[in-house]
Amino acid sequence: MVRVPICSDEVLERAFVDADVIAQAWSSAGSLVDDAVATELRAKDASAALVAVVRLLGARGLLGLTVPAEFGGTYERVRSDALCLARERLGHASPLVELAFAMQGLGGYPIVARGSDALRGAWLPKVAAGEAIAAFALTEEDAGSDLGGITTTARLDGDAYVLEGTKVFISNAGIADFYTLFAATAPPGAKRRLSAFVVPAATPGVQTRPMHVLGGHPIGALELRGVRIPIANRIGEEGDGLAVALETLHKFRPTVAAAALGFAQRALDETVAHVKARRQFGAPLADLQAVQLQIADMACDLEPARLLVYRAAAQADFAAQLEPGDAEQRSRVARTGSMAKLIATEAAFRVIDRAVQLHGGRGVLHGSIVTRLYEDVRALRIYEGASDVQRLLVAREVLR
């Protein structure tokens, strides 16, 4: 096999040319973003807003980026660069609209990656059309970064699995139509392993309760008591759950970073407008050298992070075309994805923190744009791998 460097100039140039084509399409999609934000504002609460936004994004074709063309998607395979561009653009407009898009991708991707033809045909067209709201149920009270701590079980009983356990901090809990769920399976004589399942929300024994977190988006706990699902609802083979989870997280880490870029860019844009308009001591704040230094720091935090994010997306898309057994390339993709999430989310938090500071009292006013961004960006440094976990992953890959 001829090995092509995954980060060669040729590969990156081709990826960025493709990304430019996708980005140009966004210039004509402004009405979709505006309509999505308007839909959110009209809804009576966050849950109703998210459902309405998913329906709108599906009807207007944007959710096609989350599934392959065979099932109503936009491209032959799910592309990281397209997901990143979408999440950055939507994140700039509204954190909740961005979440509506992101969860369709995160909840549906395990089915894309390892699902049977029957599961793909049953769920992916609905995900793309916005007709089925997805959720990704992995985290538990004692199993966040440590997936080995998962205690939810799936016991084989005849032609079905019986699920028992509780998941927490599940985005879309209570409004999802299905949950991509991970549970421990233990066939006779084998050590405990994880398996992945599609669990329709209407299945008897599935219950949810809301949890209240910063940002106010729909999130909650998922309780499973004697939930029976057919064997056909298993994603991949029994025991493949850890591989399915990691493959999905590796795919979406650069896109989390892209969402952070969108939040931070909006904060910078709002701050520039504010310091130009706000007058203190007889002059605009923008005339003060101390303010100018803060603006420069915000811009210098944001731009290098953006370059790393799209480099990670380019690597991921290129690696997806290689032989599955190429461990070296997978390692590079995982390392760069972790770097992108770490650098971009931490940079975004610094940018938005400065934005709050430069807005003064308006920066902590409930309901203001920068206040909402401050609340929403905090979670990005935790979910899909906390910043300290990303540092460990990067260190291990570098040392290896």
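**Exercise 1. Find the hand of the crossing where helix 7 passes helix 8, then work out how the two helices run relative to each other.**

Solution. Start with the hand: helix 7 passes helix 8 in a left-handed crossing. Keep in mind that you're looking at a predicted model. Next, get the geometry. The axes of helix 7 and helix 8 (residues 289-319) come within 9 Å and cross at roughly 155°. Angles over 145 degrees count as roughly antiparallel, so helix 7 is roughly antiparallel to helix 8.

Now go and look at the side chains in between. On the helix 7 side, the residues that meet helix 8 include Leu261, Ala264, Leu268 and Val275. On the helix 8 side, the residues that meet helix 7 include Val291, Ile295, Leu302 and Val309. There are some polar and charged names on the list too, among them Lys251 and Gln265 from helix 7, and Arg306 and Asp317 from helix 8.

**Exercise 2. Do the same for helix 4 and helix 7: are they roughly parallel or roughly antiparallel?**

Solution. First, pick out the elements: helix 4 covers residues 80-93 and helix 7 covers residues 241-277. Their axes come within 7 Å and cross at roughly 30°. The cut-off for roughly parallel is under 35 degrees, so helix 4 and helix 7 are roughly parallel to each other. Last, the hand: helix 4 passes helix 7 in a right-handed crossing.

**Exercise 3. Take stock of the whole chain: how many helices and strands are there, and what share of the residues counts as buried?**

Solution. Count the elements and you get 11 helices and 10 strands. Of the 400 residues, 53% count as buried. Then check how far along the chain the contacts reach. Among contacts with a separation of 6 or more, 74% are between residues 24 or more positions apart.

Before leaning on any of this, check the confidence. The mean pLDDT is 88, and 90% of the residues reach 70 or more. Over residues 1-15, though, the pLDDT is below 50; this stretch has 27 contacts in the model beyond near neighbours in sequence.

**Exercise 4. Which residues touch the most other members of the largest nonpolar core, and which helix gives this core its largest share?**

Solution. The largest nonpolar core has 73 residues, and the ones touching the most other members are Leu57, Phe101, Leu163, Tyr179 and Val199. Helix 5 (residues 95-114) gives the largest share of this core, with 10 residues.

Zoom in on Leu57. Skipping its neighbours within four places in sequence, Leu57 is in contact with Leu32, Ala36, Leu62, Leu63, Val97, Ala100 and Phe101. Apart from the largest core lies another one, of 37 residues, including Cys84, Leu268, Val291 and Leu380.

**Exercise 5. Compare two phenylalanines, Phe178 and Phe169: is each one buried or partly exposed?**

Solution. Take Phe178 to begin with. Phe178 lies in strand 4 (residues 178-185). Its relative accessibility is 0%, so Phe178 counts as buried. Leaving out residues up to four places away in sequence, Phe178 touches a list of residues that includes Gly107, Ile111, Trp123, Val127, Val198 and Val199. Ala132 is on that list as well; Phe178 and Ala132 are 46 residues apart along the chain, with their C-alpha atoms separated by 7.4 Å.

Turn to Phe169, which sits in strand 3. With a relative accessible area of 45%, Phe169 is partly exposed. Beyond its neighbours within four places in sequence, Phe169 is in contact with Thr139, Met211, Val213, Ile219 and Gly220. Phe169 and Met211 are 42 residues apart in sequence and 7.2 Å apart in space, C-alpha to C-alpha.

**Exercise 6. Which loops hold Asn172 and Phe281, and is each residue buried or exposed?**

Solution. Asn172 lies in the loop between strand 3 (160-171) and strand 4. Asn172 isn't a glycine, yet it has a positive phi of about 75°. At a relative accessible area of 1%, Asn172 is buried.

Phe281 lies in the loop between strand 9 (279-280) and strand 10 (283-284). Phe281 isn't a glycine either, and its phi is positive, at about 55°. Its relative accessibility is 81%, so Phe281 counts as exposed.

Definitions and conventions
Residues numbered from 1 in each chain as written. Predicted model: local features only at pLDDT ≥ 70, side-chain atom pairs only at ≥ 80, totals over all residues. Heavy atoms only, no water. pLDDT = per-residue confidence, 0-100. Contact = heavy atoms within 4.5 Å. Core = buried A, V, L, I, M, F, W, Y, C linked by side-chain atoms within 4.5 Å. Buried < 20%, exposed > 50% of the residue type's maximum accessible area, 1.4 Å probe, protein only. Helix = DSSP H or I, 4+ residues; strand = E, 2+ residues; numbered from the N terminus. Axes fitted to C-alpha atoms, helices over the stretch in contact; angles between N-to-C directions. Parallel < 35°, antiparallel > 145°, perpendicular 65-115°, else oblique. Left-handed = near helix turned anticlockwise from the far one by under 90°.
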